[in-house]
4 protein chains.
Amino acid sequence: MSDLEELRQAIVQFTKDRDWDQFHNGKDLALALSIEASELNEAFLWKNAADVNVDKVKEELADVFNYAILIADKYDLDIKQIVMDKLKRNEEKYPVEKAYGSAKKYNEL
Amino acid sequence: MSDLEELRQAIVQFTKDRDWDQFHNGKDLALALSIEASELNEAFLWKNAADVNVDKVKEELADVFNYAILIADKYDLDIKQIVMDKLKRNEEKYPVEKAYGSAKKYNEL
Amino acid sequence: MSDLEELRQAIVQFTKDRDWDQFHNGKDLALALSIEASELNEAFLWKNAADVNVDKVKEELADVFNYAILIADKYDLDIKQIVMDKLKRNEEKYPVEKAYGSAKKYNEL
Amino acid sequence: MSDLEELRQAIVQFTKDRDWDQFHNGKDLALALSIEASELNEAFLWKNAADVNVDKVKEELADVFNYAILIADKYDLDIKQIVMDKLKRNEEKYPVEKAYGSAKKYNEL
């Protein structure tokens, strides 16, 4: 079994065991994801990146993956597929010769 | 190769090809993740979950995975490991007999 | 004195008394604002709007205003002015005859 | 009339003119606020604070105030009151002698 599928199954089972599926509509899952992303950001607040507590990063990043995987499951999305597809579109939006060494957004390149 | 490792390599290569590693400190990566999570939420704004545009979900969720994977790479974190570890801790924070059917936070259970 | 000016002075004084200005660059203030906005959202997570705890809304919304006012102060922005200016631009982006009763974004109207 | 009351009336009128009140439940308003806060953060992404485009800050900060004021209006909150109340609570959480020159959270002081 692929590792993403293994994670998906473990997370879905956790949710099922607690009968939480009733709360897990796409809108609230996206909200939960955003809240976890924000908690991850809090680890860096008022600090340089170098001073971050890596254990906190680990914990909050795990929460981000947890909800991201639940959203993919909710909409029957193949995570590997959608990420590779997006990468391909980004290759067109950010061609190497224009984007090299630049932090500009594609519409400003 | 595992799915997650394959994604990691593709994303890291994309970044390397554009010499973007110079911008990718942990703090800005976390910020970028949060911005993408927010764009995912925008797909649900002023709507019921049922009315969401799934193509938009796909696209923004892919961006979320992209930055989440870059953060894991930056801190040398094993995604499968940190998610499984967190799930274990969540099992203690949310024991089935207390958490079943409840949307309360662990400190309110 | 206007009430916004009164708030600004109280908040700036609070910050000065603690010598916190050294942490308050625009980037971290914006991050802090976003984290507080996220905590406000957490009050609504897994719930209908009607079931929210209003005391929690009060508290988190106050934090949002706190950082928003600090950002305005940092960039010497006149809050009343920038909000009224934006409202004027929004009147052009969302003319009543096109936007009436619609939740669409201006570029989809 | 106070500045905040003037802003509230202008914003509520803008909303009324477009019959947008139907979309403006507390949960979606909080979500909209969070999305605007995130757009403000995007102005700082991959940059030092010093390199920010102040016009972008102005615009996004105005949007943040817009939704924050709508939320206060929705819950009949007196903005000046809730901010001053929170400042008082923060004075207890962050006493000058403990918090001076420290970026730590109150529970770590």
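Which residues line the largest cavity? In this predicted model, it's a set of serines: Ser34(A), Ser38(A), Ser34(B), Ser38(B), Ser34(C), Ser38(C), Ser34(D) and Ser38(D). The elements giving two or more residues to that lining are helix H2 (26–42) of chain A, helix H2 (26–42) of chain B, helix H2 (26–42) of chain C and helix H2 (26–42) of chain D. Sorted by character, the lining of the largest cavity has eight polar residues, with no nonpolar and no charged ones. The space inside the largest cavity comes to about 50 Å³.

How many cavities of 30 Å³ or more does the structure hold? There are four.

Now for the second largest cavity, with its volume of about 40 Å³. Chain A brings Val83(A), Lys86(A), Leu87(A) and Asn90(A) to its lining, while chain B brings Ala62(B), Asp63(B) and Asn66(B). Helix H4 (79–93) of chain A and helix H3 (54–74) of chain B each supply at least two residues of the lining of this second largest cavity. Which element gives the largest share of that lining? That's H4(A), with four residues. The lining of the second largest cavity is a mix: three nonpolar, two polar and two charged residues.

Here are the two cavities side by side:

| Cavity | Volume | Lining residues by character |
|---|---|---|
| Largest cavity | about 50 Å³ | no nonpolar, eight polar, no charged |
| Second largest cavity | about 40 Å³ | three nonpolar, two polar, two charged |

Terms used: Residues numbered from 1 in each chain as written. Chains lettered and ligands numbered in written order. Predicted model: local features only at pLDDT ≥ 70, side-chain atom pairs only at ≥ 80, totals over all residues. Heavy atoms only, no water. 1 Å grid on protein atoms, 1.4 Å probe; cavity = no way out; pocket = protein on both sides within 12 Å on 5 of 7 lines; lining within 4 Å. Points joined across faces, edges and corners; volume = space filled by probe spheres on them. Nonpolar A, V, L, I, M, F, W, Y, C, P; charged D, E, K, R; others polar.
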